[in-house]
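Visitor: Please take a close look at the cavity in this model, and then place it in the rest of the chain.

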Amino acid sequence: MSDCKGSDPVQLMKAHWNDLAARCDRDSRPYFTDFVPQEDGVMAEAIAHAAGVTCTMWGGVEHARRVLLCFAPEWISVTREQFPIQCLTFSYRAAKPPEHRDFLGAFMACNLERGTVGDILIDARMTQAFVCAHVAPIIVQEVHQVGKVGVSVTENEPACLSANTAFLTLNGTVASLRADTVVAFVTRLSREKAVQLIRQGRLTCRHAAIETPSASMQIGDVFSIRGYGKFLLESMDGTTRKGRYHITIQKYQ
């Protein structure tokens with residue numbers, strides 16, 4: 001991907017994915033990305049469809065929040081086992097397990113890129129981290145302490161922790177269900193800045209990028225805003241005396 005200073009990161013990402021889609025069609029082989037937020041898959045699928053190829057995603061576990069994308073010719077079926085993902089299992093004895101930020105900090109201290117690390121699932125006795133296969137040996141060799149807790153790590157245990165979906169409920173009022181109004185509501189940005197996000201192609205809904213601020217959104221829509229997360233427009237319940245709409249939106253955690 002180009003590293004041009006001042007370039008819009010969303011446009012750089014789109015250009016990179018367009019390149020992967022073209023290459024997989026030209027070379028008749030799959031190409032994988034690093035880990036990206038799961039909500040980015042909608043944009044990637046649209047790019048793949050336009051190029052006449054497929055895009056699938058997998059993060060190593062069901063409902064993963066970070067996934068690898070695979071661009072492949074339509075006649076090639078890519079299985080989950082083919083995704084270059086390694087599950088690392090960390091064991092420890094501690095009254096309080098290390099936190100997500102402790103694990104991520106330990107991985108980044110190995111001079112790894114953020115895109116090489118997917119979901120990090122933690123419980124009281126173990127943690128399982130999903131990483132790009134090529135960085136797994138580095139982590140196994142270098143990470144022996146996470147935060148203040150000593151850990152041991154194994155490579156070949158199956159994934160046994162789940163990425164449960166949780167929501168944060170957002171209630172409030174909006175003037176309409178226009179895209180810019182809804183984006184401003186969930187991001188807590190001004191209407192003008194919400195319009196900028198939309199025109200940058202950072203809003204996706206119904207499997208496509210929405211780049212028109214006046215586009216209408218509907219109850220039941222699942223939409224994503226790159227950099228802000230994934231949301232469900234759950235309900236609209238009545239109006240205020242000033243004609244504003246009461247809405248409930250669920251933010252995926």
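**The cavity and its surroundings**

Guide: This predicted model holds one cavity of 30 Å³ or more. The space in that largest cavity comes to about 30 Å³. Its lining is made up of Glu 39, Asp 40, Met 43, Arg 202, Thr 204, Ser 224, Ile 225 and Arg 226. Sorted by class, these lining residues are two nonpolar, two polar and four charged.

There is also an open space to consider. The largest pocket contains about 570 Å³. It is lined by 23 residues, and those closest to its centre are Gln 38, Glu 39, His 63, Ala 64 and Arg 65. Four elements each give two or more residues to this lining: strand 2 (53-58), strand 3 (66-73), strand 14 (229-239) and strand 15 (245-252). The pocket lining divides into eight nonpolar, eight polar and seven charged residues. Glu 39 appears in both places, as one of the residues closest to the pocket centre and as part of the cavity lining.

Now the chain around these spaces. It has 253 residues, of which 44% count as buried, and it contains six helices and 15 strands. The C-alpha trace spans about 60 × 50 × 35 Å along its principal axes. Taking contacts between residues at least 6 apart in sequence, 59% join residues at least 24 apart. The exposed area of the chain is about 13,400 Å², with 49% of it supplied by carbon and sulfur atoms.

The nonpolar side chains form cores. The largest nonpolar core has 55 residues, and the members that touch the most others are Trp 17, Leu 69, Phe 71, Phe 90, Phe 107, Ile 139 and Val 143. Phe 90 serves as an example: beyond its neighbours within four places in sequence, its contacts include Phe 103, Phe 107, Arg 125, Ile 139, Val 143 and Val 151. Apart from this core lies another, of 22 residues, including Val 182, Phe 185, Met 217 and Ile 249.

Met 217, in that second core, sits in the loop between strand 12 (208-209) and strand 13 (222-225). What is its burial state? Met 217 counts as buried because its relative accessibility is 7%, and the cut-off for buried is under 20%. Leaving out neighbours within four places in sequence, Met 217 is in contact with Leu 177, Ala 179, Val 182, Cys 205, Arg 206, Phe 223 and Leu 233. Val 143, from the largest core, lies 74 residues from Met 217 along the chain, and the C-alpha atoms of the two are separated by 46 Å.

Two other loop residues deserve a look for their backbone angles. Most residues other than glycine have a negative phi. Asn 111 is not a glycine, yet its phi is positive, at about 65 degrees. Asn 111 lies in the loop between helix 3 (100-108) and strand 5 (117-122), and it counts as exposed because its relative accessibility is 72%, where exposed means over 50%. Arg 188 also has a positive phi, near 65 degrees. The loop holding Arg 188 runs between helix 5 (179-187) and helix 6 (191-199). With a relative accessible area of 56%, Arg 188 is exposed.

Notes
Residues numbered from 1 in each chain as written. Predicted model: local features only at pLDDT ≥ 70, side-chain atom pairs only at ≥ 80, totals over all residues. Heavy atoms only, no water. 1 Å grid on protein atoms, 1.4 Å probe; cavity = no way out; pocket = protein on both sides within 12 Å on 5 of 7 lines; lining within 4 Å. Points joined across faces, edges and corners; volume = space filled by probe spheres on them. Nonpolar A, V, L, I, M, F, W, Y, C, P; charged D, E, K, R; others polar. Core = buried A, V, L, I, M, F, W, Y, C linked by side-chain atoms within 4.5 Å. Buried < 20%, exposed > 50% of the residue type's maximum accessible area, 1.4 Å probe, protein only. Contact = heavy atoms within 4.5 Å. Areas by Shrake-Rupley, 256 points an atom, 1.4 Å probe, with all protein chains shown as cover.
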